[in-house]
Amino acid sequence: MRHVILYAGEDGYWVVECPSLPGCISQGKTKVEARANIREAIEGYEAELENIESNPGFLKMMKQSEADIAPARLHAK
């Protein structure tokens, strides 16, 4: 279960966001609709995180240490 923040938006809609998932924000005409929409957004966000974290390229990148990453080189003209 994730903590969400629900508040009235300027346009009459209810805005709801999940602070533990950056950018995971939704809205609805009613509080009930906003809560349902954020549940769907959280499920989609978590599913995409699982896809990213199971990607072999991502796993390889995460195993690299700073010593494995060559320093950037500047080219002066």
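In this predicted model, the count of aromatic pairs comes to zero. An aromatic ring does take part in another kind of arrangement: K31 lies over the face of W14, at 4.8 Å from the ring centre.

**Nonpolar core**

The largest nonpolar core is made up of seven residues: V16, C18, L21, C24, A34, I38 and I42. Helix 1, residues 31–53, supplies the largest share of this core, with three residues. In soluble globular proteins, nonpolar side chains tend to be buried together.

I38 is one of the core residues. With neighbours within four places in sequence left aside, I38 is in contact with V4, V16, E17, C18, C24, I25 and S26. Of these contacts, V16, C18 and C24 also belong to the core.

**Cysteines**

How many disulfides does a search of the whole structure find? The search finds zero. C18 is in no disulfide, and the cysteine sulfur nearest to it, that of C24, is 5.3 Å away. C24 is likewise in no disulfide, its nearest cysteine sulfur being that of C18 at 5.3 Å. A disulfide requires the two sulfur atoms to be within 2.5 Å, so a pair at 5.3 Å does not count as one. Both cysteines are members of the largest nonpolar core, and their accessibilities are listed here with that of Y13.

| Residue | Relative accessible area | Class |
|---|---|---|
| C18 | 2% | buried |
| C24 | 3% | buried |
| Y13 | 28% | partly exposed |

**The loop at Y13**

Where is Y13 placed? Y13 sits in the loop between strand 1 (5–8) and strand 2 (14–17). Y13 counts as partly exposed because its relative accessibility is 28%, which falls between the cut-offs of 20% for buried and 50% for exposed. Not counting residues up to four places away in sequence, Y13 touches Y7, A8, Q27, G28 and K29. For one of these, Q27, the separation in sequence is 14 residues, while the C-alpha to C-alpha distance to Y13 is 6.4 Å.

**Helix 2**

Helix 2 spans residues 56–63. Is helix 2 largely in the open or largely buried? Helix 2 lies largely in the open, because the number of buried residues among its eight is zero. At the start of helix 2, a side-chain oxygen of N55 reaches to within 2.6 Å of the backbone nitrogen of G57.

Helix 1, by comparison, contributes three residues to the largest nonpolar core.

Note on methods: Residues numbered from 1 in each chain as written. Predicted model: local features only at pLDDT ≥ 70, side-chain atom pairs only at ≥ 80, totals over all residues. Heavy atoms only, no water. Phe/Tyr/Trp six-rings, centres within 6.5 Å; stacked < 30°, edge-to-face > 60°. Lys NZ or Arg CZ within 6 Å of the ring centre and 35° of its normal. Core = buried A, V, L, I, M, F, W, Y, C linked by side-chain atoms within 4.5 Å. Buried < 20%, exposed > 50% of the residue type's maximum accessible area, 1.4 Å probe, protein only. Helix = DSSP H or I, 4+ residues; strand = E, 2+ residues; numbered from the N terminus. Contact = heavy atoms within 4.5 Å. Polar contact = N/O pair within 3.5 Å; in protein donor to acceptor, adjacent residues only side chain to side chain.
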